[in-house]
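Here are some short exercises on reading a protein model. Try each task before you read its solution.

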Amino acid sequence: MRTQIGIIGAGPAGLFLSHLLHLQGIDSIVIESHSREHIESRVRAGVLEQGTVDLFNETGIGDRMRREGLSHHGFELRFNRQAHRIDMFELTGGRCITVYGQQEVIKDLVAARLNAAGQIVFEVEDVSIHDFDSAKPKIRFRKDGQSQEIACDFIAGCDGYHGICRPSIPAGALSLYERAYPFAWLGVLAAAPPSSHELIYANHERGFALHSMRSPSLTRLYLQCAPDENLENWPDAHIWEELSARFEMDGFVLNIGPILQKNITPMRSFVAEPMQFGRLFLAGDSAHIVPPTGAKGMNLAIADVRLLAQALARFYSSGSEEELATYSQRCLRRVWRAQYFSYFMTNMFHRANVADAYDYRRQLAELDNITSSRAAATNLAENYSGFPFR
């Protein structure tokens, strides 16, 4: 097979890159190790920044998102058993967020690519990349037991943190920056109407909790737990008991229903620099991950491939490699700002040591400052609703 851009990974980064390239008349092939059914059903992030929403609308994939996505003009910080609303819309001059699950974004992108006769090869095995330090990169894999090869001009590594692209870069070529947090999230998807029409971030003496939603009938909830937590120790009744305690406030009732899914999400920060080597370009989780507290992961992936698509379009239209050469530098400014904000949010809400009374009181003072200072609240709202595209 021959294409201009070989894309590894059919997550938001890989599929949206393929979509953007198609709009520029640039050919691509996406390969994915999982089935279409798998990637369209796995529950992941669900908060889209204003810029991401605008970009989806501008590029023609926002129809269902506009119908089914839940637009939020603010969110709640809950501490000392009191609620404090951050009005993003008012503080930022009209920006907001949209709750629309990653699996729904994937469905829209897969449909858009297939409707445009785009090539997505699902359920591939033994993927490897070759000669990406030359002008003739290659991707090799097996499909249905048969060995296949894609010859291309460039390779986009959109295959996530555990993918093969980043580890294929020669040792010593990348600088890796990491931080592991001493806690994780226990996440549940429940068949219960959301108990609030906006997200709730709760700081409680027993640990963090987050109230989110996926639809008017599905609630997504998280609570802080240990990184090595065993789900067998968390029967449904215990989960609801703990969530009710952490969201406790006069007049608030947590809606309870059957729990459909449970999972443990580790909390870590990671950045690889640079995000390119030769004709291999990393995007999304293959290059960086953030703790989910700041709701930045999928938005960063979309921002990466927007820049990469622009750089590739300029290359094919003019022959200039200037934007390709500075791709990593331009991405990393946004990546590190997201790292800062995610670290800030994570440390403001989670308790590394529940017995540390000093740190808990410091967190409460920080939250009090944000909710009593317009300047501090504005800074939070601007970061949460999304960094402007440049």
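The exercises below concern a predicted model.

**Exercise 1. Two helix axes**

Task: Find how helix 12 and helix 13 are oriented to each other, and which residues make the contact.

Solution:
- Step 1. Locate the helices. Helix 12 covers residues 357-372, and helix 13 covers residues 374-385.
- Step 2. Read the geometry. The axes lie 5 Å apart, and the packing angle is about 95°.
- Step 3. Classify the angle. Angles of 65 to 115 degrees count as roughly perpendicular, so helix 12 is roughly perpendicular to helix 13.
- Step 4. List the contact. Helix 12 supplies N369, I370 and S372. Helix 13 supplies R374, A376, A377 and L380.
- Step 5. Sort these residues. The contact of helix 12 with helix 13 has 4 nonpolar, 2 polar and 1 charged.

**Exercise 2. Another helix pair**

Task: Describe how helix 9 packs with helix 11.

Solution:
- Step 1. Locate the helices. Helix 9 spans residues 297-318, and helix 11 spans residues 327-349.
- Step 2. Read the geometry. The angle is about 165°, with the axes 10 Å apart.
- Step 3. Classify the angle. Over 145 degrees counts as roughly antiparallel, so helix 9 is roughly antiparallel to helix 11.
- Step 4. Add the handedness. Helix 9 passes helix 11 in a right-handed crossing.
- Step 5. List the contact. From helix 9 come L300, A303, D304, L307, L308 and A311. From helix 11 come Y327, R330, C331, R334, V335 and A338.
- Step 6. Sort these residues. The contact of helix 9 with helix 11 holds 9 nonpolar and 3 charged residues, and no polar ones.

**Exercise 3. Cysteines**

Task: Count the disulfides, and explain why C152 is not bonded to C165.

Solution:
- Step 1. Recall the cut-off. A disulfide needs two cysteine sulfur atoms within 2.5 Å.
- Step 2. Check C152. The closest cysteine sulfur belongs to C165, 10 Å away, so the gap is too far for a bond.
- Step 3. Give the count. There are 0 disulfides.
- Step 4. Check burial. Under 20% relative accessible area means buried. C152 has 2%, so C152 is buried. C225 has 7% relative accessibility, so C225 counts as buried too.

**Exercise 4. One leucine**

Task: Is L55 buried or exposed, and which residues does L55 touch?

Solution:
- Step 1. Place the residue. L55 sits in helix 3, residues 50-58.
- Step 2. Apply the burial cut-off. The relative accessible area of L55 is 9%, so L55 is buried.
- Step 3. Name the partners. Leaving out residues up to four places away in sequence, L55 touches F16, I302, R306 and F389.
- Step 4. Compare chain and space. G74 is 19 residues from L55 along the chain, and their C-alpha atoms are 21 Å apart.

Terms used: Residues numbered from 1 in each chain as written. Predicted model: local features only at pLDDT ≥ 70, side-chain atom pairs only at ≥ 80, totals over all residues. Heavy atoms only, no water. Axes fitted to C-alpha atoms, helices over the stretch in contact; angles between N-to-C directions. Helix = DSSP H or I, 4+ residues; strand = E, 2+ residues; numbered from the N terminus. Parallel < 35°, antiparallel > 145°, perpendicular 65-115°, else oblique. Contact = heavy atoms within 4.5 Å. Nonpolar A, V, L, I, M, F, W, Y, C, P; charged D, E, K, R; others polar. Left-handed = near helix turned anticlockwise from the far one by under 90°. Buried < 20%, exposed > 50% of the residue type's maximum accessible area, 1.4 Å probe, protein only.
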